[in-house]
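This report goes through helices, pockets and a few single residues in turn. The sequence and structure are shown first.

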Amino acid sequence: MLRGLYTAAAGMITQQRLHDTVTQNIANVNTTGYKQVNSVARSFPEVLLSAVGGKQNSSAPIGKLNTGVFAEETLPTFTQGDARETGKTTDFALVADLQLQNPDTGENYVFDASGKSVQEDGSVVYQPQAFFTVRDAEGNVKYTRDGDFHVDAAGRLLTAEGYEVLGTDNNPLTIGGAVDQLKVDNQGRIVNSDGTNGPQLLISVANQPNQLVRDGNGVFEAADPAAAGINPTAAGAQLEVRQGSLETSNVDSAQAMVDLMTAQRAYEANQQVIQYYDKSLDKAVNEIGRV
């Protein structure tokens, strides 16, 4: 068995998947509310090689052997995207900087640029994230940052894919009156023409956003809402609903190009290793074998 050959092949597959992930991000750089994904690579379990037998008839450790890497999973990054003004009354952007208190110290966790806080014991705490709450035709509740809504003939507020936007009473939100006169305050409450408050957008907060699964069409779902820590937004949360704006993608185009070039170079390096093994086998079989 040529271990180096298999290690290089595993590296090529991993870099190909990393390349696919980056191109997905680049393709969605203009998608409203899109959250970029990052490919996570992991090495295969290390193998401890030992020499069996010998003078003392006992095993002697030679060392550890790594047999390559594989792309384990892709993880979304829920950092805030920019709010872009559109002037459309049914466009909404969520601007949030939610905090989480450390129960041991009583102080808020300090999150890095990717929305994570790594503790001394190696555990990772994710920054809570807010989402619009929507419901599909089958009655499944989903979560999205894409606030590109519209109003149908029945007055229901719908996403671009036709999902119903839910209010705080967990029912579809309906709009009365002219759409171009729709007013919503920064807490997601509809302001009636007489100045009173109407229905309110249901903004859900996921305390463990890493438990959300991308479901396509710009929405996420929680297989286990309790594990994801899904709750309605609390009063006083650092969150704002901006009417007439949309949240842009959080893809870093410059970093994506760097990642793309890195994956390409690493792929080529692994490819050259395989070509080296191919030439070595060619000499062993067709030239040395004739001697």
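Strands, like helices, are DSSP runs numbered from the N terminus, a strand having at least two residues and a helix at least four. The model discussed here is predicted. In that numbering, asparagine 210 sits in the loop between β16 (203–206) and β17 (212–214). Since partly exposed covers the range between under 20% and over 50% relative accessible area, asparagine 210, at 31%, counts as partly exposed. Its C-alpha atom is 9.9 Å from that of glutamine 129, although 81 residues separate asparagine 210 and glutamine 129 in sequence.

**Helices α1 and α3**

Both helices can be checked against a rise of 1.5 Å a residue. Helix α1 has 25 residues and should therefore span 36 Å; its end C-alpha atoms are 36 Å apart, in agreement. Helix α3 (residues 253–286) has 34 residues, so the expected span is 50 Å, and the distance of 49 Å between its end C-alpha atoms agrees with this.

The buried residues of α1 are Ala8, Ala10, Gly11, Met12, Thr14, Gln15, Thr21, Val22 and Asn25. Among the elements that cover them are β1, β4 and α3. In α3 the buried residues are Ala256, Leu260, Ala263 and Asn270, and their cover includes α1 (3–27). The N-terminal end of α3 is capped by aspartate 252, which has a side-chain oxygen 3.2 Å from the backbone nitrogen of alanine 254.

**Asparagine 250 and serine 117**

Asparagine 250 belongs to the loop between β21 (245–247) and α3. With a relative accessible area of 11%, asparagine 250 is buried, because the cut-off for that class is under 20%. Its side chain reaches the backbone oxygen of threonine 77 at 2.7 Å. Beyond residues up to four places away in sequence, asparagine 250 touches Tyr34, Lys35, Gln36, Thr77, Phe78, Thr79, Gln80 and Gly81.

Serine 117 is part of strand β7 (residues 116–118). Its relative accessible area is 7%, so serine 117 is buried as well. A polar atom of the serine 117 side chain lies 3.2 Å from the backbone oxygen of valine 110. The same side chain makes a polar contact of 2.9 Å with the side chain of glutamine 119. Neighbours within four places in sequence aside, serine 117 is in contact with Tyr109, Val110, Phe111, Ser123, Val124 and Val125.

The distances given for these side chains and for the cap of α3 are set out below.

| Side chain | Partner | Distance |
|---|---|---|
| Aspartate 252 | Backbone nitrogen of alanine 254 | 3.2 Å |
| Asparagine 250 | Backbone oxygen of threonine 77 | 2.7 Å |
| Serine 117 | Backbone oxygen of valine 110 | 3.2 Å |
| Serine 117 | Side chain of glutamine 119 | 2.9 Å |

**Pockets**

The largest pocket holds about 310 Å³ of space. Its lining consists of 16 residues, and those nearest its centre are Leu75, Pro76, Thr77, Lys116 and Tyr126. Two or more lining residues come from each of β1 (37–43), β4 (69–76) and β8 (124–126). By type, the lining of the largest pocket has 7 nonpolar, 8 polar and 1 charged residues.

The volume of the second largest pocket is about 250 Å³. It is lined by 13 residues, with Gly176, Gln181, Val191, Asn192 and Ser193 closest to its centre. The lining of the second largest pocket divides into 6 nonpolar, 6 polar and 1 charged.

Methods:
Residues are numbered from 1 along each chain as its sequence is written. This is a predicted model: local features need pLDDT of at least 70, side-chain atom pairs count only at pLDDT 80 or more; totals for chains, interfaces and linings use all residues. Side-chain values use heavy atoms; hydrogens and water are left out. The expected span of a helix is 1.5 Å times one less than its number of residues. Buried means under 20% relative accessible area, exposed over 50%, partly exposed in between (1.4 Å probe, protein chains only). Contact means heavy atoms within 4.5 Å. A polar contact is a pair of N or O atoms within 3.5 Å; within protein, one must be able to donate a hydrogen and the other to accept it, and residues adjacent in sequence count only if both atoms are side-chain atoms. On a 1 Å grid over the protein atoms alone, a cavity is a set of points where a 1.4 Å probe fits but cannot get out, and a pocket is an open set with protein on both sides within 12 Å along at least five of seven lines; lining residues have an atom within 4 Å of a point. Grid points are joined across faces, edges and corners, and a volume is the space filled by probe spheres set on the points. Ala, Val, Leu, Ile, Met, Phe, Trp, Tyr, Cys and Pro count as nonpolar, Asp, Glu, Lys and Arg as charged, and the others, Gly among them, as polar.
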